[in-house]
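The exercises below are meant to be worked with the sequence and the coordinates side by side. Each task is followed by a solution that goes step by step.

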Amino acid sequence: MSAAKYDLIIIGSGPSGQRAAVAASKLKKRVAIIESRSVVGGVCINTGTIPSKTMREAVLHLSGYNYRTVYGMNYRVKEKITMADLAFRVQGVIKTEIDVTEAQLSRNGIDVIHGVAHFVNPNTLKIEGPEMNATLEAERIIIAVGTKPATSDRVPINGRTIINSDQIMDLPKLPRTLIVVGGGVIGVEYACMFAILGVRVTLIEKRNRLLEFADQEIVEALSYHLRDSRVTMRLGEELDNVEELQDGTVIANLQSHKKVSGDALLYAVGRQGSVDELQLENAGLKADSRGRIPVDENFQTAAPTVYAVGDVIGFPSLASVSMEQGRIAVARAFNDMSTISNPSFYPYGIYTIPEISFIGKTEEQLTEEDVPYEVGMAYYREVARGQIRGDTTGRLKLIFHRETRKVLGVHIIGESASELVHIGQAVMTFGGSVDYFIETVFNYPTLAECYKIAAFNGVGRMHRYQ
């Protein structure tokens, strides 16, 4: 192995690395994946997306949240929910996903080498592993190392009462009160979960609104639900420092001189590229202050033989988008320019409670661009499926061009939003208009009917002033 040569070496086995490896194998390339963990899957499977979404599902089931409107606000499947209850389900799914990933890589003839990779030059890596040290050479190298939670000198992470998002399952017990610092996707998702479990959550965010990249009306609806779940939101407040008292209580001191106390604190202010051990300078590369590696539209770095994909290159840091970046990077690395993908049609899924999903432009963006648009709205409570499921708070917002009637955006809040958005995605990808939804018959009863109701609502509003 010490003198092994490959067509492609990928550093990291998360979604982007995995998809890149499989894409290269289909091109009959000899591929190796370097993984620093003892198992494959990266942050996505082991500490990020899969654990958090599995935990969310366990929270919804055990708390009986989805059926409280049917059976009463005090309905619960399990009276006293513990961290062990949540961990049991999470660990089971993680194990299965690791097995599936390992089988896929093996089936495609991809070598998986466990160890830490360091660049020697733009085509050579030195691998330091638990079982062996080796030097590998490749025609092309893809960096897919992902990210790790950002740290701060003001927040002494101890893994027990002051934790980051990778340590959620390490909490010894469910806290009675929780401070969440950070109103981004990760912070808000976990704030929702713990609130549904009955934990009193205080959410601290230095910006004046949550999830600034999402549609304001949808975020306002989410904020209402957070407050309804007894979450206290401290928006426009910045953390000064965190201290732990002798009795274990955690105190968050804010720059406005306010103090917030809790049994535990989750620090979820951004993530940092996991580039510390790569020795990028040996490849002629440099990451920015947040560990992100600059790339061009083909995901090529400043070193022509080195590409970078996934969370390590920054926004949007979605597993689905990372997979596509891996596929495109491999095509470009081996001179395939025919493989294309349009980022403007990538959907976003935010697994809050209720979940949010959207595609296309927001009202704020269209207003700024002086685009004439109309909005159609449908509420889950207006369709029979919403009543059957007990979700009467969800809504679907359809935005279309007033003159061409072309669909410009779909924004949904409510259960199954991340599934429902794909109908709008398909119509937008093929350049469809709002009339598609009016002329199409949807199964009854389904949440998909919301598209038809929203279309009629928007067109009807437009007709009133024409």
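**Exercise 1. Find which residues of the largest nonpolar core touch the most other members, and which helix gives the most to this core.**

Solution. The largest nonpolar core has 104 residues, and within it F119, I143 and F194 touch the most other members; such a core is a set of buried Ala, Val, Leu, Ile, Met, Phe, Trp, Tyr and Cys residues joined through side-chain atoms within 4.5 Å, where buried means under 20% relative accessible area with a 1.4 Å probe and protein chains only. Helix α6 gives the most to this core, with eight residues; helices are DSSP runs of H or I with at least four residues, strands are runs of E with at least two, and both are numbered from the N terminus. Leaving aside residues up to four places away in sequence, the contacts of F119 (heavy atoms within 4.5 Å) include I11, L125, I141, I143, L280 and V306. Another core, of 26 residues, lies apart from the largest one, and V383, V407, V410 and I412 are among its members.

The model is a predicted one, in which local features need pLDDT of at least 70 and side-chain atom pairs count only at pLDDT 80 or more, whereas totals for chains, interfaces and linings use all residues. Residues are numbered from 1 along each chain as its sequence is written, and side-chain values use heavy atoms, with hydrogens and water left out.

**Exercise 2. Give the strand order of the open sheet of five strands, and state where α6 packs on the sheet.**

Solution. The order is β8-β15-β9-β10-β11, with parallel pairing, two strands being paired if DSSP finds at least two bridges between them. Because β8 (162–164) and β11 (232–235) each have a single partner strand, they stand at the edges, and one side of each is left without a neighbour in the sheet. From one strand to the next the twist averages 20°, with axes fitted to C-alpha atoms, for helices over the stretch in contact, and angles from 0 to 180 degrees between N-to-C directions. Helix α6 (residues 185–196) touches β9, β10 and β15, and its direction makes about 165° with that of β10.

**Exercise 3. Compare the expected span of α5 with the distance between its end C-alpha atoms, and name its buried residues.**

Solution. At 1.5 Å a residue, the 25 residues of α5 (83–107) should span 36 Å, the rule being 1.5 Å times one less than the number of residues. The end C-alpha atoms are 36 Å apart, which agrees. The buried residues of α5 are M83, L86, V90, V93, I94, I98, T101 and L105, and what covers them includes α1, β2, α3 and α6.

Key. Buried means under 20% relative accessible area, exposed over 50%, partly exposed in between (1.4 Å probe, protein chains only).
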